[in-house]
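Please find below my notes on the strand pairing in this entry. They are best read with the coordinates open.

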Amino acid sequence: GPNVSWASMVDGSGVAITAPCSLHLLVRVPPVSGVQSIISMPGEMFKMSFNATTLTFKTGNGTQVINNVTFLPNSWWYIECRLHDDDGDTVANFSWRFINLADAATEITEQTQGHVLAGTWTQNWNISSAADHFTITLGPVVLMNDGNSTKRNVIRDWMLAKYAVEAASEP
């Protein structure tokens, strides 16, 4: 909610997370136009923020912007980010899938540079960031280490169904 400012989690077991892996989340775009951090985990392997109506993310060359999607304030989205190195050149790549939950039949995809190919559970897992005055509503978050398109689609379908049930129960 609006009074939550920051959450961080660290696990001392040191389990490695490596490409290929994917991050899946349901998120409502904040009603404000400033920069709002969404998530940074593990470490900065997946680091995303909203800046007005754009989604920014960290790559090996700094911060980049998603080009194919405009995120209107208060809209709900399914965001999937798959980290991979399919061509074997040791350069991280992101494959993105976006679904505006007001039109769940339309998927938007984008290919971008990624950030790093590996992280560990011992790195910080941040939701929002310190002093960010978090105004983002964040639904379920799933990080899947490895997994094929069938498993990613199961996660997507589960999240879309979960949102549909919640949306139907609102007055």
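1. A term first: two strands are taken as paired if DSSP finds at least two bridges between them. With that in mind, note that this is a predicted model.

2. Strand S3, residues 21-28, is mostly covered, with 7 of its 8 residues buried. Buried here stands for under 20% relative accessible area.

3. On one flank, S3 is joined to strand S8 (residues 76-84) by 8 bridges, and the two run antiparallel. Two positions fix the register: Arg 28 of the model stands opposite Trp 76 in S8, and Ser 22 has Arg 82 as its bridge partner in that strand.

4. S3 also pairs with strand S13, residues 137-145, through 7 bridges, again in an antiparallel arrangement. Within S13, Val 142 is the bridge partner of His 24.

5. Which strands make up the sheet, and in what order? It is an open sheet of 5 strands, ordered S10-S9-S8-S3-S13, with antiparallel pairing. Its edge strands are S10 (108-113) and S13, each of which pairs on one side only. On average, neighbouring strands of this sheet are turned by 15° against each other, direction ignored.

6. A general remark on the pairing: strands of a sheet pair through backbone hydrogen bonds, either parallel or antiparallel. For S3, the partners to inspect are S8, with 8 bridges, and S13, with 7.

How values were computed: Residues are numbered from 1 along each chain as its sequence is written. This is a predicted model: local features need pLDDT of at least 70, side-chain atom pairs count only at pLDDT 80 or more; totals for chains, interfaces and linings use all residues. Side-chain values use heavy atoms; hydrogens and water are left out. Buried means under 20% relative accessible area, exposed over 50%, partly exposed in between (1.4 Å probe, protein chains only). Helices (H or I, at least four residues) and strands (E, at least two) are DSSP runs, numbered from the N terminus. Axes are lines fitted to C-alpha atoms, for helices over the stretch in contact, and angles run from 0 to 180 degrees between N-to-C directions.
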